[in-house]
Amino acid sequence: MYITEIFGKMVFNETVMQQRLPGDVFQQILSTMHGGARLSRAAADVVASAMKDWAIENGATHFAHWFQPMTGITAEKHDSFIAPAPDGKVIMEFTGKELICGEPDASSFPSGGLRATFEARGYTAWDTTSYAFIKDNVLCIPTAFYSYGGEALDLKTPLLKSMEAINRQGLRILKLFGHSNVKAVRTEVGAEQEYFLIDKSVFEKRIDLIYTGRTLCGAKPPKGQELADHYFGTIKPRVAAFMAELDEELWKLGIMAKTEHNEAAPGQHELAPVYTTSNIATDHNQLTMEIMQRVARKHNMVCLLHEKPFDSVSGSGKHNNWSMSTDAGVNLLEPGETPFENAQFLLFLCAVIQAVDDYQDLLRISVASASNDCRLCGRDEAPPAIISMFVGQEIEEILSAIENNEQYDGKHREEFKVGVHALPKFPKDTTDRNRTSPIAFTGNKFEFRMPGSSASISEPNVVLNTAIAESLRQYAEILEKSSDFENDLHSLIRSVIKKHRRIIFNGNNYGPEWLKEAERRGLLNMASTPDCVPAFLDEKNIQLFESHGVLTEAEIRARYEIKLNSYSTVVNIEAQTLYQMARRDILPAVSRFSGEIADSLIAKKSACEGTDCSYEENLLKDVSKLLAAATHSADALKIEQARAKSIEDSLERARACRDNVCTAMAVLRTAVDELETVVSSEYWPYPTYGEILFSVS
């Protein structure tokens, strides 16, 4: 297999377009893709015909508008290319109208109140910036999804709008630095994807994994990740075979899968791609998750993407590596060698710092879900729910020097002024990495470590793009009026550092002392989804999205409702599943086991008077006590779940789920997990953690 031969084989990319389209149409489509020009209907018909011929040659029989509704996963409706012919046969047909716009039923997708159930009409519109591709013999056309009234019903539309917002404001700043030839500012993302692989046979015996994607009970095994022997360890042959096929499938779709390795927990792995523009990176990550699960099944394994499938080991995240660059490929977060380059870098760096500080709440909301709440606990696997930034010692010292009007040369400080004295040319890896920080500067990009492994990366990138666009807008309005650019630039950077440096923390985010320090700094600590989602409706947040044309107030309120309803629904499903596991399987199994112990005790006493029966007596006593506790806890869970479900207000229902249902689940789990440690394995109805985590050999 030659990678260069198969890479992009199933993608209708620019190389294919140049080969198959007339020159004038090819130039039109390039202008549409890269310059935002409108594609004429005649040209669309030519593109559609060429796309159809190419797809059929590569085995496609159907086409689909591939979109990303607010479920967090993708959707598609397949239509065949066939059309009736006069002779009773069929012809293969695909028009420009079918390429550009589709009309799937929108009534069953989450809308957060934007649409009534009977308002079924929805539209998909071709996203020309993301290439069409073939998947499972279907030509998939990446599209936006919106309602009859024009409201965004998907995750792609706000992302595209946020990218345009940061482009507009970034160009204003670059013009001030003399870069009038720059035509576009682009945000780029590389999403590192963590996941678990377990054997299909154990998965099928756990209804909690089937229904919820995570284990709702399970005692800690004797061995987990304590020895750190799995992390970056030798990849097992079965997993290596999966990874090899996964790479091939991703490469065919033009997804630059680059790095793969074992992660910290047994059965946990990671895949990292090469960077690409934000919306394409989002499309690629959605495809990556889908193909991971499909390829795993072929190898008799199941790929788990839940953020916390196992309680006693590290959960899985999705590290969103974010940067911005010009159309000429200049990374705007790369320190330069001249004073003005350094000043430009500092201003864009300040824009990120200010955005993260000003919109901590939105960044937390962007990664909020019932599943990710299980992971954002600040232990040895993920950052805490408190937003902060790591910039490294050297950059922090430079920022301090600017704030205090001192020169920084790495050894001593003298009077400093941006644009007059050059900053030192420091390398990318000037400091150690901080894996505990939610947002860490890693040389020429920021790594946002809070997104969950199962989530779309659209939402966090919408917030990052829009919030940073707002910082840049404020800077442009100040500097465009300046009569002394150098002095005003220095004053601006200095004031931003003074006002927002509280968000910078280079220490251990896992430590308990950070909680106190963050509170002292006035940083937000939103531990759960119901804690943070109400901030979505804060006036400043509505103003942010509306002013940059990313989301309307109605669209924001819809997303508020969807977030809360999704949280409550997930918790409700988990509660029902755990109750069913306990009542139908675990408690009856424990009862049978205790009955056997009781029979053994009676038989032993009858056989020989005075025999020591302390083992049976103590075991029966312990099991009976735990069985009673588990029975009571199961009944209490059922009551709390029913109460929460009956609450109409979405926020109050979510709070009841968090405070009462999740608490009742935890109490039941404690009793059940303790029972697992004393009940004979031949009676226990489910595979244990040890059996699951080490199931792939």
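This is a short tour of a predicted model, stop by stop, with what to select at each one.

**Before you start**

Residues are numbered from 1 along each chain as its sequence is written, and side-chain values use heavy atoms, with hydrogens and water left out. Because the model is predicted, local features need pLDDT of at least 70 and side-chain atom pairs count only at pLDDT 80 or more, while totals for chains, interfaces and linings use all residues.

**Stop 1: the whole chain**

Show everything as a cartoon. The protein chain has 23 helices and 18 strands (DSSP runs, H or I of at least four residues for helices and E of at least two for strands, numbered from the N terminus). Along the principal axes, its C-alpha atoms fill a box of roughly 100 × 85 × 55 Å. With 697 residues, a compact globule would have a radius of gyration near 26 Å, and the 28 Å of the protein chain agrees with that (taken over C-alpha atoms; the globule rule is 2.2 Å times the number of residues to the power 0.38).

**Stop 2: three packed helices**

Select residues 553-607 for helix H20 and 614-645 for helix H21. Their axes come within 9 Å and cross at roughly 160° (axes are lines fitted to C-alpha atoms, for helices over the stretch in contact, and angles run from 0 to 180 degrees between N-to-C directions). That makes H20 roughly antiparallel to H21 (angles over 145 degrees count as roughly antiparallel, under 35 as roughly parallel, 65 to 115 as roughly perpendicular and the rest as oblique). The contact of H20 with H21 has 16 nonpolar, seven polar and eight charged residues (Ala, Val, Leu, Ile, Met, Phe, Trp, Tyr, Cys and Pro count as nonpolar, Asp, Glu, Lys and Arg as charged, and the others, Gly among them, as polar).

Now add residues 650-678, helix H22. H21 and H22 pack at about 160°, with axes 9 Å apart, so H21 is roughly antiparallel to H22. Their contact divides into 19 nonpolar, three polar and four charged residues.

Hide H21 for a moment and look at H20 with H22. Here the angle is about 25°, and the axes are 9 Å apart, which makes H20 roughly parallel to H22. This contact has 20 nonpolar, three polar and four charged residues.

**Stop 3: the second largest pocket**

Select Thr32, Met33, Asp127, Thr128 and Thr129. About 1,300 Å³ of space lies in the second largest pocket, and of the 40 residues that line it, these five are the closest to its centre (on a 1 Å grid over the protein atoms alone, a pocket is an open set of points with protein on both sides within 12 Å along at least five of seven lines, a cavity is a set where a 1.4 Å probe fits but cannot get out, and lining residues have an atom within 4 Å of a point; points are joined across faces, edges and corners, and a volume is the space filled by probe spheres set on them). Helix H6 (156-176) gives the most to this lining, with seven residues. By class, the lining has 14 nonpolar, 16 polar and ten charged residues.

**Stop 4: two cavities**

A search of the whole structure finds two cavities of 30 Å³ or more. The largest has a volume of about 50 Å³; select its lining, including Phe12, Met17, Trp126 and Tyr131. That lining has eight nonpolar, two polar and no charged residues.

For the second largest cavity, about 40 Å³, select Leu197, His230, Lys236, Val239, Gly267, His269 and Val696. They divide into three nonpolar, three polar and one charged.
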